[in-house]
Structures are given as C-alpha cells and as structure tokens.
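Biologist: I am new to this structure and would like to go through it step by step. Could you show me the sequence and the model before I start asking?

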Amino acid sequence: INVSHVTIAYQYCGGADACSAQVEAASTAVLVGAILGQLTFGYIGDCVGRSAALRLTMALSLFGATISAAAVPLGGDSSSVLTFLALSRFVLGVGVGGVYPLSATIATESSSNAERGRNASLVFSMQGVANLAAPLVSWALLAVFGVPATGSGGADPGLAWRLALALGAL
C-alpha cells in the first residue's frame with residue numbers, strides 16, 4: 001500500500017507532503033480495522049461457527065480490497081480520495097484481522113497432532129511471502145502502466161495503483 005499511497009498522493013494532491021495527514025489516515029485505517037477484526041472474530045467464530053465466520057471475514061476482505069481499487073474523490077476535493085481509501089481499507093482490515101485467529105484455529109484443529117505445528121506455521125509464513133510480493137508487484141505494475149502525472153486527479157485512471165489494490169483481494 002505504501003507504493004500506492006505515494007502514487008495517489010502525487011496524483012490527487014500534487015505531492016506527498018500536500019496531504020500527508022490523509023495518507024497517514026488511510027495507512028492507519030487498515031491497522032485499526034485489523035485490530036478490531038482480531039478482537040471480535042474469534043468470539044464471532046465461537047458463536048456462529050468458525051467456517052461461517054471465516055467466510056464473512058473473507059467477504060469483508062474481498063469487498064474492502066475491491067472497493068479500495070475503485071476509490072474516487074468524495075465531493076469536490078480531490079484529496080478526499082484518500083478518505084474513501086481510508087474507509088475501504090478499514091473494512092479490508094476488519095476482514096484481514098478476523099482471518100488471523102480463525103485461520104490459525106482452523107489450521108490447527110483440522111490437522112493431526114503430527115502436522116499441527118507445521119500447518120499453523122505455514123498459515124502464518126504466507127504473510128511474509130505476501131509482504132515481500134506486494135511492493136514488487138506494485139513496482140512492476142507502475143513499470144507496465146506508468147505513473148500518473150502529478151496533480152492529474154481523476155483525468156488519469158491510475159491503473160497501476162488500482163490494480164495493485166485490487167490484487168489484494170487475492
């Protein structure tokens with residue numbers, strides 16, 4: 001998301017410093033959502049069943065990532081695209097945060113005693129793979145689709161950052 005934030009800030013605000021508060025809010029929203037998801041979905045999984053709760057977290061994650069890719073300015077202020085992004089990333093964060101306790105629990109409960117530790121480790125090790133892949137994919141998309149012109153706002157669709165955010169749904 002950091003590569004996308006810089007691109008969006010230049011496209012909609014004319015530079016990274018022009019709307020740093022909005023960029024920080026969009027960055028923080030996903031973390032706040034993840035904390036909320038972690039704190040609530042373990043309990044929800046106990047109440048409605050882990051499979052149903054996991055499906056709900058996946059739906060929230062897919063919805064948040066997809067809507068993030070469709071971010072548009074709200075009203076006349078072009079920097080409000082980051083407000084839209086903060087709201088959609090919060091939803092994404094709730095979904096992703098809910099996946100943490102549920103996926104670990106499902107992975108360990110569905111494994112034999114001999115495979116339990118390995119399967120739980122594999123579930124969490126994929127986070128590292130994704131953390132490495134995300135900026136590499138973003139840079140590749142910027143190389144293919146180009147960087148939107150500074151201050152171009154909605155005149156440039158910003159395909160690179162939109163595709164990078166949409167790929168978060170995978």
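Biologist: In which helix does T7 lie?
Modeller: Please keep in mind throughout that this is a predicted model. The run of residues 2-13 forms a helix, and T7 belongs to that run. The element asked for is therefore, with helices numbered from the N terminus, helix 1.

Biologist: Is T7 buried or exposed?
Modeller: The word buried is kept for residues under 20% relative accessible area. T7 has a relative accessibility of 8%, so T7 counts as buried.

Biologist: Which residues does T7 touch, not counting those up to four places away in sequence, and which backbone oxygen lies 2.9 Å from a polar atom of its side chain?
Modeller: With the residues up to four places away set aside, T7 touches L142, P148 and W161. A polar atom of the T7 side chain also lies 2.9 Å from a backbone oxygen, and that oxygen belongs to V3.

Biologist: W161 came up among those contacts, so which residues of helix 6 are buried?
Modeller: Helix 6 covers residues 159-166, and W161 is one of its buried residues. The full set of buried residues in helix 6 is A160, W161, R162, A164 and L165.

Biologist: What covers the buried residues of helix 6?
Modeller: The cover includes several other helices, among them helix 1, the helix in which T7 lies. Taken with their residue ranges where these have not yet been given, the covering elements include helix 1, helix 3 (50-69), helix 4 (81-109) and helix 5 (116-145).

Biologist: How many helices and how many strands does the chain have?
Modeller: Read from the N terminus on, the elements run α-α-α-α-α-α. The count that goes with this order is six helices and zero strands.

Biologist: What part of the 170 residues in the chain is buried, and what are the dimensions of the box that the C-alpha atoms fill?
Modeller: Buried residues make up 37% of the 170 residues in the chain. Taken along the principal axes, the box filled by the C-alpha atoms is roughly 55 × 30 × 20 Å.

Biologist: Among contacts with a separation of 6 or more, what percentage comes from residues 24 or more positions apart?
Modeller: One pair of this kind is T7 and L142, which touch each other. For the chain as a whole, residues 24 or more positions apart account for a share of those contacts that comes to 71%.

Biologist: Where is H5 found, and which residues is it in contact with beyond its neighbours within four places in sequence?
Modeller: H5 is found in helix 1, and at 3% relative accessibility H5 counts as buried. Leaving aside the neighbours within four places in sequence, the contacts of H5 are V23, A26, S27 and L85.

Biologist: Which two residues does the disulfide join?
Modeller: A disulfide is a covalent bond between the sulfur atoms of two cysteines. The structure holds one disulfide, and its S to S distance is 2.2 Å. The link is right-handed, with 100° about the S-S bond, and the residues that it joins are C13 and C19.

Biologist: Is C13 buried or exposed, and which residues does it touch, not counting those up to four places away in sequence?
Modeller: C13 has its place in helix 1, and because buried means under 20% relative accessible area, C13 with its 19% is buried. Not counting residues up to four places away in sequence, C13 touches I8, A18, C19, S79 and L82.

Biologist: Where is T150 found, and which residues is it in contact with, leaving aside its neighbours within four places in sequence?
Modeller: T150 is found in the loop between helix 5 and helix 6, and T150 is exposed, with a relative accessible area of 51%. Once the neighbours within four places in sequence are left aside, T150 is in contact with Y10 and G14.

Biologist: How does L54 count at 23% relative accessibility, and which residues does L54 touch when those up to four places away in sequence are not counted?
Modeller: L54 is found in helix 3, and at 23% relative accessibility L54 counts as partly exposed. The C-alpha atoms of L54 and V96, 42 residues apart along the chain, are separated by 10.0 Å. Not counting residues up to four places away in sequence, L54 touches V99, L102 and I106.

How values were computed. Residues numbered from 1 in each chain as written. Predicted model: local features only at pLDDT ≥ 70, side-chain atom pairs only at ≥ 80, totals over all residues. Heavy atoms only, no water. Helix = DSSP H or I, 4+ residues; strand = E, 2+ residues; numbered from the N terminus. Buried < 20%, exposed > 50% of the residue type's maximum accessible area, 1.4 Å probe, protein only. Contact = heavy atoms within 4.5 Å. Polar contact = N/O pair within 3.5 Å; in protein donor to acceptor, adjacent residues only side chain to side chain. Disulfide = S-S within 2.5 Å.
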